[in-house]
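Subject: Structure for your review

Hello,

Please find the structure below, sequence included. My notes on what turned up in it follow.

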Amino acid sequence: MIKDRRIIISVSIIAVLLLYLLLYNKDKKSGDIPKLKGWDSIDEILITNKNKQTKLYLKDNKWLINNEGYPADKTKVEKLEKILKDLEITDVVSKGHYYEKYNLTNDAGISVSATKDGKAKRDLLIGKVSSTYRTTYVKFANDVKIYLADGNITDEFNKDVDDLRDKQIFQVTPDDIAWFELMYQAKLTFEKKTEEIEVSQDNKKDKQKEKKKIDKWICKEFINTEIDKNKVDSFLTSFSSIKADSFSDLKKKDMQGLLCSVKTKLFNKDIDIKIHKKDGDNYLCSSSESPYVFKLSDWNAKKYFKNIA
């Protein structure tokens, strides 16, 4: 009985001590971890990575990039803002040492600041990802401590200008296209016509015929050739949404070696894409809907190298 009582007392003392240490460390940790404030909105994100600076800024409700004013991908910018706004610190790693070990130097880290009207809302240095790939080492401006932040945010901010640009060149509704011109080896002009045909109603005793409207494509250069509507519809589905794989520094006026073009008329204007010679593995392209020369992959470009007549 006495032995059992001593065991119970010992276990109880150990349990109390463990609870005390747990609560003590929790209070200590919560006291060291900064409470980050969010914001209603920001108008600039500045990213500096190995002496390369990328400025994302809001102008006329549109996100732009650097002095060139390249349109930014709104979804990607909003994701970066959300990461900064909802940043969660999970632990304190160091109170002022080992910056090189965690890539938290100006040469190795990624400096990021989010501002509104010139006032900093978040200003930090992003270092390496932890061994679990679930947290990232960070350091805040005017704070010597090294913290762990939730998530792999290093990869999210390790982007160049091309990664952040809006790559949607144009997007239209395929059903709205009633005329288009394809130039590949030869020029072909297609036009959609609506015809009425009579369809028998087999379920009716008097075998009445009902008139039905159908769309039919004709090619002006091969007026007597029946055009496969499914082929045309598939072709126009690809053409209706042109998205660049990347961009080029070339100017549109300097483009040479035209291989293929597709043009349609919508909203009282011509909309087109022109595919030029290859630059490496990709084709150089231009469009009436973009002032920039862009690139399409081999697979995406060759969707238009077709004879659909």
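I begin with one strand residue and work outward from there. Lys-243 sits in strand β14, which covers residues 241-243. Please keep in mind throughout that this is a predicted model.

Leaving out residues up to four places away in sequence, Lys-243 touches Lys-167, Gln-168, Ile-169 and Leu-296. Asp-166 is 77 residues away from Lys-243 along the chain, yet 8.8 Å separates their C-alpha atoms.

Ile-169 comes up again in the surroundings of Ser-287. That serine belongs to strand β18, residues 282-287. Is Ser-287 buried or exposed? Its relative accessible area is 2%, so Ser-287 is buried, the limit being under 20%. Apart from residues up to four places away in sequence, Ser-287 touches Ile-169, Phe-170, Lys-252, Asp-272, Ile-273 and Phe-294.

Overall figures

The chain has 309 residues, and 36% of them count as buried. Its secondary structure comprises 6 helices and 19 strands. Taking contacts between residues at least 6 apart in sequence, 56% join residues at least 24 apart. About 20000 Å² of the chain is exposed, with carbon and sulfur atoms supplying 48% of that area.

Nonpolar cores

The largest nonpolar core contains 32 residues. Within this core, Phe-180, Phe-190, Ile-275 and Phe-294 have the most contacts. Helix α5, residues 229-239, gives the core its largest share, 4 residues. There is also a second, separate core of 29 residues, and Tyr-70, Val-92, Phe-140 and Phe-157 are among its members.

Phe-294, listed for the largest core, is also one of the residues that Ser-287 touches. For Phe-180, neighbours within four places in sequence are again set aside. The contacts of Phe-180 then include Leu-188, Thr-189, Phe-190 and Trp-217. Val-262, Lys-263, Thr-264 and Ile-308 also touch Phe-180, as do three residues of the stretch that forms α5, namely Val-232, Phe-235 and Leu-236.

Helix α5

Which residues of α5 are buried? They are Val-232, Phe-235, Leu-236 and Phe-239. Viewed down the helix axis, the buried residues of α5 fall within an arc of 95°, so they line one face of the helix. At the N-terminal end, α5 is capped by Asp-228, which has a side-chain oxygen 2.9 Å from the backbone nitrogen of Asn-230.

Salt bridges

Side chains of opposite charge can pair when their charged atoms come close. The structure holds 13 salt bridges, and three of the pairs are described here.

- Lys-74 and Glu-78: their side chains form a salt bridge with an N to O distance of 4.0 Å. Both lie in helix α2 (residues 74-85), and because they are 4 residues apart there, about one helical turn separates them. Lys-74 is exposed at a relative accessible area of 54%, whereas Glu-78 is partly exposed at 39%.
- Glu-191 and Lys-193: this salt bridge has an N to O distance of 3.5 Å. Glu-191 is partly exposed, its relative accessible area being 21%, and Lys-193 is partly exposed at 36%. What else belongs to the network of salt bridges that links Glu-191 and Lys-193? Lys-220 is linked with them in that network.
- Asp-298 and Lys-302: the N to O distance in this salt bridge is 3.4 Å. Asp-298 has a relative accessible area of 25% and is partly exposed. Lys-302 is partly exposed as well, at 40%.

Helix α6

Asn-300 is located in helix α6, residues 298-301. With a relative accessibility of 18%, Asn-300 counts as buried, because the limit is under 20%. The side chain of Asn-300 makes a polar contact of 3.3 Å with the side chain of Asp-245. The residue range of α6 also takes in Asp-298, which pairs with Lys-302 in the salt bridge listed above.

For a place to start viewing, I would suggest Phe-180 and its contacts with Val-232, Phe-235 and Leu-236, followed by the buried face of α5.

Regards

Technical notes. Residues numbered from 1 in each chain as written. Predicted model: local features only at pLDDT ≥ 70, side-chain atom pairs only at ≥ 80, totals over all residues. Heavy atoms only, no water. Helix = DSSP H or I, 4+ residues; strand = E, 2+ residues; numbered from the N terminus. Buried < 20%, exposed > 50% of the residue type's maximum accessible area, 1.4 Å probe, protein only. Contact = heavy atoms within 4.5 Å. Areas by Shrake-Rupley, 256 points an atom, 1.4 Å probe, with all protein chains shown as cover. Polar contact = N/O pair within 3.5 Å; in protein donor to acceptor, adjacent residues only side chain to side chain. Core = buried A, V, L, I, M, F, W, Y, C linked by side-chain atoms within 4.5 Å. Arc of directions from axis to C-beta.
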